[in-house]
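Please look first at the whole fold and then at its details, moving from the overall outline to single residues. The paragraphs below follow that order.

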Amino acid sequence: MDNLDELVEVLENSEDATVLEETADQVSTLSYSNENCKRLVEADGLIGGLMRVMGMDGEGFREAREWAVLVIRWIAFYGSDEVKKGLFEYDGLVDCLLGRMRKGGKVERKYAVLAIRDIAEGDMEVKKGLFKHEGLIAGLVEIVGQKGSEYAVAAIRNIAACYDDEV
């Protein structure tokens with residue numbers, strides 16, 4: 001992870017779709033261990049850079065967006081409850097994933113739902129926060145019935161496993 005600052009710089013500033021795709025792919029290889037996931041979530045600008053890529057318009061950026069969403073998913077999947085909480089608390093990330101669920105292509109939608117599902121495996125505070133997040137449950141319910149909806153059902157199930165009367 002010696003070149004993490006360089007990767008963040010690219011994610012935050014590049015307008016080249018191929019370079020963004022390659023950079024997100026490089027970050028994904030770093031996300032396969034819990035220790036790295038913690039460092040990635042704590043790295044200044046990394047999550048924001050990935051969100052920036054997820055928000056880029058146009059077919060030319062499709063693969064870069066897919067990689068960016070996948071990185072978030074891997075961080076949530078391999079990360080500890082502390083990492084999941086860090087992702088949940090990152091300002092705007094859940095809204096960004098919700099946007100990819102609603103407006104993204106098939107692959108983006110799948111990875112965004114999987115990221116939510118994996119974040120929802122975190123502690124009770126995270127589950128409760130996801131339940132209360134405006135539009136998230138409705139967005140997951142919209143996906144139920146579509147191809148690949150088993151992931152949305154799993155996300156709802158993980159959120160509902162909060163054991164709190166409010167949820």
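Read from the N terminus on, the elements of the chain run α-α-α-α-α-α-α-α-α-α-α, and the secondary structure comes to 11 helices and zero strands. What you see is a predicted model, and every value in this text was computed from it.

The overall dimensions come next. The C-alpha atoms of the chain fill a box of roughly 45 × 35 × 20 Å, taken along the principal axes. A compact globule with 167 residues would have a radius of gyration near 15 Å, and the chain, with 15 Å, agrees with that expectation. Of the 167 residues, 48% count as buried, while the accessible surface comes to about 8100 Å², of which 47% belongs to carbon and sulfur atoms. Among the contacts between residues at least 6 apart in sequence, 69% join residues at least 24 apart.

From the outline we can turn to the interior. In soluble globular proteins, nonpolar side chains tend to be buried together. In this model the largest nonpolar core has 51 residues, and those with the most contacts inside it are Leu-46 and Leu-97. The largest share of this core, seven residues, comes from helix H5.

Leu-97 leads us to helix H7 (residues 93-103), which is mostly covered, since eight of its 11 residues are buried. The buried residues of H7 are Leu-93, Val-94, Cys-96, Leu-97, Leu-98, Gly-99, Arg-100 and Met-101. They pack against helix H4 (46-54), H5, helix H6 (81-89), helix H8 (106-119), helix H9 (124-132) and helix H10 (136-143). If residues up to four places away in sequence are not counted, Leu-97 touches Met-54, Val-69, Ile-72, Ala-112, Ala-115, Ile-116 and Ile-119.

Two further residues show how parts of the chain that are separated in sequence meet in space. Leu-4 has its place in helix H1 (residues 4-13) and is buried, with a relative accessible area of 10%. Leaving aside residues up to four places away in sequence, Leu-4 touches Leu-30, Leu-40, Ala-43 and Leu-46, and Leu-46 is one of the two residues named above for having the most contacts inside the largest nonpolar core. The C-alpha atoms of Leu-4 and Arg-39 are separated by 9.7 Å, although these residues are 35 residues apart along the chain.

Val-113 is found in helix H8, and with a relative accessible area of 3% this residue is buried. Again not counting residues up to four places away in sequence, Val-113 touches Met-101, Leu-140, Ile-143, Tyr-151, Ala-152 and Ala-155, and Met-101 is one of the buried residues of H7. Between Val-113 and Ile-72 there are 11 Å from C-alpha to C-alpha, while in sequence they are 41 residues apart.

The aromatic rings offer another view of the packing, and a search of the whole structure finds five aromatic pairs. In one of them, the rings of Tyr-32 and Tyr-78 have their centres 5.7 Å apart and their planes at 70°, so the pair is edge-to-face. This pair links distant parts of the chain, with Tyr-32 in the loop between helix H2 (17-30) and helix H3 (34-42) and Tyr-78 in helix H5 (residues 62-78), 46 residues apart. Tyr-32 counts as partly exposed at 43% relative accessibility, and Tyr-78 is likewise partly exposed, with a relative accessible area of 31%. Tyr-78 also forms an aromatic pair with Trp-74, and this pair is tilted, with 5.5 Å from centre to centre and 35° between the planes. Because Trp-74 and Tyr-78 are four residues apart in helix H5, they are separated by about one helical turn. Tyr-32, Trp-74, Phe-77 and Tyr-78 form one aromatic cluster.

The last topic is the cysteines. A disulfide is a covalent bond between the sulfur atoms of two cysteines. How many disulfides does a search of the whole structure find? The search finds zero. The sulfur of Cys-37 is 18 Å from the closest cysteine sulfur, in Cys-96, which is too far for a bond, because a disulfide requires the two sulfur atoms to lie within 2.5 Å. Cys-37 is buried, with a relative accessible area of 0%, and Cys-96, at 15% relative accessibility, also counts as buried.

How values were computed. Residues numbered from 1 in each chain as written. Predicted model: local features only at pLDDT ≥ 70, side-chain atom pairs only at ≥ 80, totals over all residues. Heavy atoms only, no water. Buried < 20%, exposed > 50% of the residue type's maximum accessible area, 1.4 Å probe, protein only. Phe/Tyr/Trp six-rings, centres within 6.5 Å; stacked < 30°, edge-to-face > 60°. Helix = DSSP H or I, 4+ residues; strand = E, 2+ residues; numbered from the N terminus. Rg over C-alpha atoms; globule rule 2.2 N^0.38 Å. Contact = heavy atoms within 4.5 Å. Areas by Shrake-Rupley, 256 points an atom, 1.4 Å probe, with all protein chains shown as cover. Core = buried A, V, L, I, M, F, W, Y, C linked by side-chain atoms within 4.5 Å.
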